[in-house]
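Open the model in your viewer and keep the sequence panel at hand. The tour goes from one selection to the next.

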Amino acid sequence: MAIQCLILGAGQEVGKSCVVAMIGGKKIMFDCGMHMGFSDHRAFPDFSLLSSNDISCVVITHFHLDHIGALPYFTEVCGYNGPIYMTYPTKALAPLMLEDYRKILVDRRGLEEQYTYENIIHCMNKVIPIDIKQTIQVDKDLQIRAYYAGHVLGAAMIYAQVGEEKMLYTGDYNMTPDRHLGAAQIDRLSLDLLITESTYATTVRDSKYSREREFLKAVHTCVAAGGKVLIPTFALGRAQELCILLDDYWERMNINVPIYFSAGLTIQANMYYKMLIGWTSQKIKDSYTVRNPFDFKHVCPFERSMINLPGPCVLFATPGMISGGFSLEVFKQWAPSDKNLIAIPGYCVAGTIGHKLMSGKPTRIDLDKDTLIDVRCQIHQLTFSPHTDSKGIMDLVEFLSPKHVILVHGEKPKMAALKQRIESELGIQCEYPANNETVLVPTTQSLKISASKTFVRNCTTELDGDERIAEGILVMEKGHNAKIVSEEEFLETIGAERNVVSFTGWMSPLAQ
Amino acid sequence: MEEEGSLVQPLTTTCNPNPLFQFDLTSLSSAQALLLNPSTSIDTIHSTVDSLLLSLPHLSTNATSLSLALSVLAQSAPLHPSLSQSIVSSVRSLINGQDRTSSAVLSALLSIATSCHNEDGSSILTSILDEDLVLSLASSGVYKIRSRILRLLVFVVGRWKCSGKFLTDEVMVRVFLRFTGDIYPVLRRDAIDGLCEFLTVARDGVDFCVPECCLEHAIGLIGDDDEFVRVAAVRMVGLCGEMLGEKENGVDKTGQMDTIFTQICSMARDMSVKVRIEAFNALGKVKLVSDAVLMQSLSKKILGSKNGGKSIIKLDKASKPCAAGAYIHGIEDEFYVVRKSACRSLGIHAVMSFKFADDSINYLMDLMNDDSESVRLEALDSLFRMAAQGCLNVQEKHVHMFLGLLTDMSSLVRHGARKILQLMKLPKLEIFKSTVNKLIANLEKYPEEEEGIFFSLFSLGKNHREFSLNVAKDLAKQIERTSKGDLTFAKPSMAATLVVCIASPLSENENVPDTPVVLFSYAVPLLGRISRALQGTFDQHFLLTFLLDHSNIKWKSRDLMPEIVSKGISEDLMQSVIKFISKSVGDAWSLIKGSNGNDAEKILRSCMKELEIISLNASQAAITTLDFFSKYIQILQLISKIQCKFDFRNSTTFHIKSHHILLEKLDSALRKIRYSFTGWTKEVECHILELSLLVDVFTFSLARIPSNEYLKNLLSKISHLEAISCLSDFTKEIKRLIEERSSVMVNLHSLLKVFECSGLEFVREMKPIKAELKVVGDDSENPLTFVPGLPAGIRLWITLHNTSSTDRLWLHMSVRGRRPQYVFLDLSNFEGSEEVRKCSSLIPFYETPKVASFEIRVCIVIECLSEHYEVLKERGGPKYDVTELSVEKLVYFSSVKSR
């Protein structure tokens with residue numbers, strides 16, 4: 001028996017995660033993402049390699065586009081009609097992300113859309129929501145279960161089992177908790193196969209506390225000196241994380257400087273967080289009984305007219321990377337003052353202002369041929385990442401001790417290094433196939449054997465020190481269940497008698 | 001009782017040795033009901049148990065009934081310990097029976113043993129179990145039997161030392177070790193718990209190889225599938241590590257300790273919170289770990305061999321990566337309990353290794369930003385211990401975060417941070433200055449913490465001589481620049497900075513010549529605040545002398561030095577004071593008798609003042625005497641007032657009302673003095689009684705037509721005096737007057753003339769009768785809650801001094817404008833001796849008014865039993881007059897609704 005794994009995306013690359021695993025004759029598609037770097041046919045996994053009717057179910061781990069972006073295309077255009085599973089938060093947030101992206105694609109870049117708004121709605125209607133640790137019986141043989149993965153709100157790791165064959169697909173996960181999400185959590189499962197992400201296959205990240213300390217110090221010093229702080233972020237995840245951090249600090253230090261959220265998606269996102277409190281970290285859940293931690297005490301909505309008001313403030317503005325929109329507008333106003341601070345959390349795509357700011361402090365930025373921005377403000381770079389580091393991956397693999405590991409969602413050389421470590425340190429076979437490759441993972445088959453009463457009795461009585469050794473004979477007949485019996489019984493069944501042959505040896509002294 | 005009899009009926013028939021008899025469920029349940037009912041008589045219980053025991057052999061064929069009967073017996077054993085022995089001896093024969101029977105017997109034994117007192121429980125088991133039996137039961141194929149014998153063994157091992165043993169230590173350990181391999185996780189866990197118990201109980205008595213052997217098994221189990229087994233296994237690894245670390249056998253144990261440490265570290269990433277907590281607790285127990293391994297636990301990256309003297313690669317290959325970053329994971333954990341535990345064990349190791357301390361301080365400082373207050377406090381605690389051991393090496397990058405704590409919301413955190421600052425060594429002047437500024441910010445925001453802040457500033461100045469000198473010079477310049485009389489210097493920040501400046505000259509007499517003189521002069525007006533903060537370190541007087549000496553203020557040292565204040569009162573001084581006062585009192589008396597009230601009043605007033613001054617520095621015993629005198633003088637003052645008002649020549653003109661008030665006051669003052677002290681001499685007692693006679697005479701003379709009650713009262717007092725000693729002239733005169741039935745009133749003047757003030761020289765070794773009252777969990781900010789109309793409970797801590805068992809004490813509770821409520825204090829409920837009795841009790845207050853909030857005045861009063869006339873008081877309250885023993889306390893209540 002074997003598990004057959006077809007890597008449709010995220011093989012030796014980051015983007016368009018999609019793995020189709022055939023386990024015990026059932027085909028499961030884990031994630032159905034798109035690649036943000038391409039806008040042609042390469043953006044989607046190559047669905048022509050499979051027939052959509054073969055798939056037993058599709059399971060989506062979280063709402064990021066590189067994990068869900070191709071789902072409407074697969075269901076509405078390719079015609080997949082089976083069940084789709086995702087967690088409640090993912091189901092709630094995914095249509096927002098999909099529609100937002102579709103709009104940007106069509107309205108801003110003027111590209112041809114791959115699916116329409118109706119497609120998204122129709123596709124989401126087919127989704128069956130699941131809860132953490134809820135076991136779903138997809139059909140007679142196949143059962144799946146979601147485990148908490150951290151990473152983003154509603155992210156899950158998916159466990160699938162058919163008969164004795166078991167596997168886990170991690171999706172993206174985080175082994176260290178942050179301020180608003182918990183760490184990934186899993187039971188001890190004796191797995192045949194573990195498919196894990198490996199974004200940071202070789203990075204070992206330091207304690208998050210030092211990053212937080214630097215960030216708070218920079219922000220506090222800036223507002224204490226009367227400056228304004230701009231934090232350009234995307235609406236979900238980092239914004240809440242940093243806001244909790246700041247709100248908490250403000251509270252403890254009795255700071256009275258206002259923290260603003262630019263209107264729009266962020267406020268809507270906070271509403272989702274408030275509703276989905278059960279999916280956040282333990283601390284948030286604990287304090288929820290007293291007060292909803294997403295009802296930030298020091299946060300108030302921001303209006304365009306307030307940009308040039310005097311006095312210090314902190315502003316969270318979308319979109320991240322200062323790629324346009326409101327964050328760019330504020331940046332234009334605030335950048336020329338050396339009292340102000342721009343804090344950039346996370347990664348910025350090349351070509352955006354965020355990227356320019358991070359790659360060496362420029363003194364002026366040419367926005368277009370008419371607009372020049374004088375940059376005198378301070379710049380603080382933050383490296384918050386919701387992915388686990390290599391230590392986390394190793395810890396998870398060690399804890400689960402599967403028989404086989406497949407690495408996806410990473411860069412090829414780093415994956416090679418990690419594979420080396422897994423094989424040498426943990427002694428577990430590991431592979432990192434490229435896109436569209438198929439891997440065959442052998443699984444052990446276990447067989448139910450019944451035992452006869454005499455044998456069991458022998459087992460309990462024949463105790464030899466600390467070791468328990470019992471002898472018996474395994475009988476396997478065609479058409480019958482395998483059975484283990486004691487020696488006497490076996491002789492009885494085959495109608496043979498026990499004969500004892502004894503030898504007496506004699507050695508001549510002359511033989512020496 | 002009738003009902004009881006009818007229930008016994010079916011059971012008594014069971015005594016009939018009828019072989020066909022079977023217990024049915026109904027009779028079993030009636031037996032159970034009888035045995036569990038607390039009001040069943042002893043006889044009935046005995047006969048019930050006897051009939052149950054007699055029927056046991058008959059039931060041996062019916063396993064269900066037998067196990068039910070056994071469980072009924074087991075349930076009743078804890079309630080009737082006297083029956084345990086007979087139950088145990090009857091079930092002994094059944095223990096080797098069928099599986100179900102033996103498991104029922106074992107569970108009965110367990111419940112009997114656990115209900116017994118320490119030694120009885122295990123001696124019962126010793127009488128019934130032996131090695132062969134235990135071994136055969138332990139290797140039974142039936143889960144129930146194994147689990148019960150295991151629980152029995154765990155129970156016994158906890159009392160291993162105080163009982164006779166039916167197993168040798170070795171066999172016991174072997175049995176437990178065997179159970180650690182059982183297929184049932186519960187049994188594995190119980191077995192580990194048993195071993196842990198064994199190791200703790202037999203701590204020093206066990207051989208070296210026992211913990212080693214346990215350790216080996218525990219390490220095998222830390223990877224168990226069951227969460228609870230892992231928790232127990234990790235705990236045992238920690239315990240073994242602790243024991244092995246303590247035991248001396250002359251071998252270098254670092255290698256072994258390293259292995260144990262890394263093994264536990266590997267559990268720091270377990271998915272179960274309980275396991276992680278236990279792992280970090282266990283890490284704190286393992287000592288003697290090498291620096292290399294400790295450093296590895298702070299770094300997620302695998303450290304190379306060059307980073308430590310000893311390479312960790314040498315260790316067991318499998319354990320190498322385990323230690324990596326264990327503590328980092330611990331302090332980053334999602335659950336605050338884990339973080340707290342990690343923080344504690346990090347602190348334990350940090351004080352033992354300087355190298356580790358240097359690195360761990362980064363993380364402990366970072367934890368100051370944790371969202372849980374208890375974690376922050378734990379980290380502060382660890383930092384404090386490091387500071388106390390001198391291994392706190394603060395770096396510049398930590399300062400911002402650390403100083404932020406001084407303005408933290410939580411007062412506990414602020415306090416913790418200041419405690420560390422007192423010990424900290426700061427590397428740079430700028431940091432020193434910003435620390436001082438932050439402390440001043442702390443002071444401005446939370447002025448109520450002035451004392452603590454000043455003390456921290458003082459320690460800071462003391463520990464950083466150069467820096468504080470620098471600050472002092474700056475301050476002096478600033479003072480020179482500003483004009484005199486500038487009010488900016490009255491600010492708290494000024495006082496704070498001055499404390500820093502004078503700290504090092506004050507404590508070590510260094511820097512004195514360098515410190516600008518002007519600062520000392522500026523510090524003089526702040527003396528009160530500074531000395532309060534430095535209580536226990538410097539005496540206020542010393543501080544003042546020091547500041548004046550070094551300032552440019554001209555003064556003479558003797559101006560300030562009343563000898564008494566600085567030295568406390570010696571015994572000789574005390575004697576002379578008492579002599580002086582009693583002499584003055586005598587003088588005052590003669591003045592009172594001579595109707596010279598004003599002069600007497602002057603003398604008495606100056607006596608009072610003297611007493612006040614002396615009692616400031618007097619010893620505890622002396623205070624009692626002084627207290628007595630002050631009370632006595634109050635009485636004299638009252639007598640003098642009354643005497644002045646009495647116009648003897650024209651007895652009809654005095655104002656009856658004001659006299660009544662004064663007499664009432666005098667009466668209560670006298671009661672107070674009589675019931676607030678004990679252990680006085682005969683002379684003093686006589687004197688006090690005579691005084692009370694005098695009061696009676698006053699009252700008598702006011703009443704005009706004296707009642708028989710008054711006369712009776714007077715006579716009884718006189719006979720009391722007669723019993724104590726021979727009568728004085730004063731008493732004899734009264735006696736004569738009463739006997740002659742002549743008017744006392746007429747002779748009041750002559751009576752006063754013969755009144756002698758003597759006996760006061762004998763005031764010695766008196767003990768105060770007093771009470772202290774403490775209301776638990778109540779203050780005006782956080783009042784107790786109540787439901788209007790329903791009784792409310794007040795938890796009180798009462799301490800009584802020198803009360804005798806015959807005293808009748810009451811708790812007096814009153815709400816303004818209402819009748820007081822009295823609660824009798826039964827002295828038998830108090831713990832302690834006559835000298836000090838203590839008790840904490842919940843006192844109900846019944847008549848809660850229907851208001852949103854109210855306050856009750858609570859105090860303890862003593863009933864004055866020897867006051868002869870009985871006054872009809874409130875129902876349920878004291879029958880005699882009362883006098884207060886404690887200070888009145890206010891208890892605040894607020895209605896549940898208004899919360």
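Which residue in β19(A) stands opposite Ile342(A)? Select Ile342(A) and look across to β19(A): the residue opposite is Ile379(A). The model is a predicted one.

Now select the two strands around this pair. Strand β16 of chain A covers residues 341–345, and 5 bridges join β16(A) to β19(A). The two strands run parallel.

Widen the selection to the whole sheet. In chain A, 6 strands make up an open sheet with parallel pairing, and their order is β14-β13-β15-β12-β16-β19. Go next to the edges, where you will find β14 (299–302) and β19 (378–382) of chain A. Each has a single partner strand, so one side of each lacks a neighbour in the sheet. With direction ignored, neighbouring strands in this sheet are turned against each other by 25 degrees on average.

Add helix α6 of chain A, residues 238–253, which packs on the sheet. The strands α6(A) touches are β12 (228–232), β13 (259–262), β14, β15 (313–317), β16 and β19 of chain A. Compare the directions of α6(A) and β15(A): the angle between them is about 165 degrees.

Leave the sheet and select the cysteines. Over all chains, the structure holds 0 disulfides. Start with Cys5(A), which counts as buried because its relative accessibility is 0%. Then move to Cys18(A), which takes part in no disulfide. Its nearest cysteine sulfur belongs to Cys32(A), 5.0 Å away, whereas a disulfide requires the sulfur atoms to be within 2.5 Å. Is Cys18(A) buried or exposed? Cys18(A) counts as buried, at 0% relative accessibility.

Technical notes. Residues numbered from 1 in each chain as written. Chains lettered and ligands numbered in written order. Predicted model: local features only at pLDDT ≥ 70, side-chain atom pairs only at ≥ 80, totals over all residues. Heavy atoms only, no water. Pairing = 2+ DSSP bridges. Helix = DSSP H or I, 4+ residues; strand = E, 2+ residues; numbered from the N terminus. Axes fitted to C-alpha atoms, helices over the stretch in contact; angles between N-to-C directions. Contact = heavy atoms within 4.5 Å. Buried < 20%, exposed > 50% of the residue type's maximum accessible area, 1.4 Å probe, protein only.
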